[in-house]
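Here's an informal walk through one protein model. Take a look at the structure first, and then we'll start with a lysine.

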Amino acid sequence: MDASEFRKRGKEMVDYIADYLEKIEKRQVYPDVQPGYLRPLLPHSAPEEPEIYEDILKDVEKIIMPGVTHWHSPYFFAYFPTANSYPAILADMLSTGIGCIGFSWASSPVCTELETIMLDWLGKMINLPPQFLAEKNGQGGGVIQGTASEATLVAMLAARTKAIHRVLSENEKLIQGDIMGRLVAYTSDQAHSSVEKDSLIAGVKIKQIPTDDKFTVCGSALRKVIDKDKANGLIPFFFCATLGTTTCCSFDKLLELGPICNEENIWMHIDAAYAGSSFICPEFRYLLNGVEFADSFNFNAHKWLLVNFDCSVMWVKKRSDLTCAFKIDPVYLKHDHQESGHITDYRHWQIPLGRRFRSLKLWFVFRMYGVKGLQEYIRKHVKLAHEFKDLVLQDDRFEICADVILGLVCFRLKGTNKLNEALLKSINNARRIHLVPCHLREKFVLRFAICARTVESAHVQFAWKHIVELANQLLQA
């Protein structure tokens, strides 16, 4: 494919993507295929000779699309949203075309500098304390990670290094292996499973702090566990607070937890993967109160801020905490400006070496939507969630299982878990809408998340009517 054909095919692909997104609600939201469906449809090995583009595009519809779950369908209400917008798609095209690998300032200066500035822009949009920003030669700053799971792991590893150095400085007779076996991390019993996985990778113990009746961690619960662990010779070093849990979008009490972490030399990381985008709205910013006590903070702009995956934004108060943990500096990666106070080499802030030019997506989206446009988008989703909640409350056979604060509604039929499992199965088997469940305490609960950029009140009303019809059939049977 030469440049001339690329121009032609590129325009065709833009048309294909635009048509796909414009007409997506006509597609069945959840695929009707079985595991292993794809292998019989593809050759046993790659073709020896080139194939023509038209045949490949035909196979997209024939082979690929039947196996796609349409996350951007307005009938997709599962998990949490994954962002999608035309400006972000265009920015991703440009990033791919430029094709730089921005592991250091020298490897592509603008890739580093735009990321630093965009994270400062976004930090100001959510009113982060200035300690988290890089401007004016601050000690903090932001970085784009791949996912919230990655950001938590990076924070945990940095906290581990910091704790080991601190304990060694207090007791020179100890060795690193002695300390590693005593380190203990904490998180909520409602936290995402990735936090536990991160602890496995980091090789440290982790304990879940029990939550209250609102599914939040309070200060007294954390204090109780810390005191017991210290009495048993353990070294508490890391706490992952959650703002907007995956199960029910609950919020840990930062104003109680933060002072305890600071007092005990515990690194507090805040995982706001879903909810963080909402903090650009002044009416939701109170949910972030207490961030001033944190060492690091993260959310997925690729969930709810119209920036396509992947773009998980992370800030730290002291970037030296990351670079001390991850800095490996072979001669082939060094450059003349790496000691400059005005730039950073992001390879020292992350697990991988290479990184894509992801900040272009933020730059395009911020400029083409503006803060006001993004705020309107968040508010629309929250309004639709409350519309669904009101519909549920009008039917006394159903119950709401957790506070509805943002764009997630947790609900169920009053009755057994078996009844609700059957309801969810009938919903997803019908493939008109798509939902996933969670467990809240001992209850099997259905989650209804407002996800698609194009979702409207009519889609929410249809979804509820469909759920009620299936519930009626189930209860009659």
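Lys303 is buried, yet it has no salt bridge. The nearest side chain of opposite charge belongs to Asp271, and that one is 7.3 Å away. A salt bridge here needs a side-chain nitrogen within 4 Å of a carboxyl oxygen. Keep in mind that this is a predicted model.

So where does this lysine sit? Lys303 is found in helix H10, which covers residues 301-304. Leaving aside neighbours within four places in sequence, Lys303 is in contact with Phe80, Pro81, Thr82, Ala83, Ala273 and Tyr274.

Past helix H10, the backbone has something worth a look. Phe309 and Asp310 are joined by a cis peptide bond, with omega at about 5 degrees. Asp310 has its place in the loop between H10 and strand E7 (312-316).

Which residues other than glycine have a positive phi? Tyr79 is one of them, with phi near 55 degrees. Tyr79 belongs to the loop between helix H2 (53-64) and helix H3 (86-98), and at 40% relative accessibility it counts as partly exposed. Asn127 is another residue other than glycine with a positive value, its phi being near 60 degrees. Asn127 lies in the loop between helix H4 (109-125) and strand E1 (141-145).

Now for Leu408, over in strand E9. Is Leu408 buried or exposed? Leu408 is buried, with a relative accessible area of 2%. Its C-alpha atom is separated by 9.7 Å from that of Ala78, although the two residues are 330 apart along the chain. Neighbours within four places aside, the contacts of Leu408 include Phe80, Thr246, Thr247, Cys248 and Cys249. Tyr274, Ala385, Arg447, Phe448 and Ala449 are also in contact with Leu408. Phe80 and Tyr274 turn up in the contacts of Lys303 and again in those of Leu408.

Back to charges. How many salt bridges does the structure hold? There are 25 salt bridges, and here are three of them.

| Salt bridge | N to O distance |
|---|---|
| Glu12 and Arg9 | 3.1 Å |
| Glu170 and Arg166 | 3.8 Å |
| Glu399 and Arg412 | 3.1 Å |

Take Glu399 and Arg412, whose side chains meet in a salt bridge. Glu399 lies in strand E8 (residues 398-400) and Arg412 in strand E9 (residues 408-413), so this pair ties together parts that are 13 residues apart in sequence. Arg412 counts as buried, at 3% relative accessibility. Leu408, the buried residue we met above, also lies in strand E9.

The Glu12 and Arg9 pair is set up another way. These two are 3 residues apart in helix H1 (residues 3-22), and so about one helical turn separates them. Glu12 is partly exposed, with a relative accessible area of 27%, whereas Arg9 is buried, with a relative accessible area of 10%. Both residues also belong to one network, in which salt bridges that share partners join Glu5, Lys8, Arg9, Glu12 and Glu54.

Then there's the pair in helix H5 (residues 148-170): Glu170 and Arg166 are 4 residues apart, which means that about one helical turn separates them. Glu170 is exposed, with a relative accessible area of 57%. Its partner Arg166 counts as partly exposed, at 22% relative accessibility.

Let's zoom out to the whole chain. The protein chain has 14 helices and 11 strands. What would its radius of gyration be as a compact globule? With 477 residues, such a globule would come out near 23 Å, and the chain has 24 Å, which agrees. Along the principal axes, the C-alpha atoms fill a box of roughly 70 × 65 × 50 Å.

As for burial, 54% of the 477 residues count as buried. Among contacts with a separation of 6 or more, residues 24 or more positions apart account for 73%. The exposed area of the protein chain is about 22,400 Å², and carbon and sulfur atoms supply 55% of that area.

What about the charge count? The protein chain has 56 positive and 56 negative side chains, and the centres of those two sets lie 2 Å apart. Lys303, where we started, is buried and has no salt bridge.

Conventions
Residues numbered from 1 in each chain as written. Predicted model: local features only at pLDDT ≥ 70, side-chain atom pairs only at ≥ 80, totals over all residues. Heavy atoms only, no water. Buried < 20%, exposed > 50% of the residue type's maximum accessible area, 1.4 Å probe, protein only. Rg over C-alpha atoms; globule rule 2.2 N^0.38 Å. Contact = heavy atoms within 4.5 Å. Areas by Shrake-Rupley, 256 points an atom, 1.4 Å probe, with all protein chains shown as cover. Lys, Arg positive; Asp, Glu negative; His and termini not counted. Charge placed at Lys NZ, Arg CZ, Asp CG, Glu CD.
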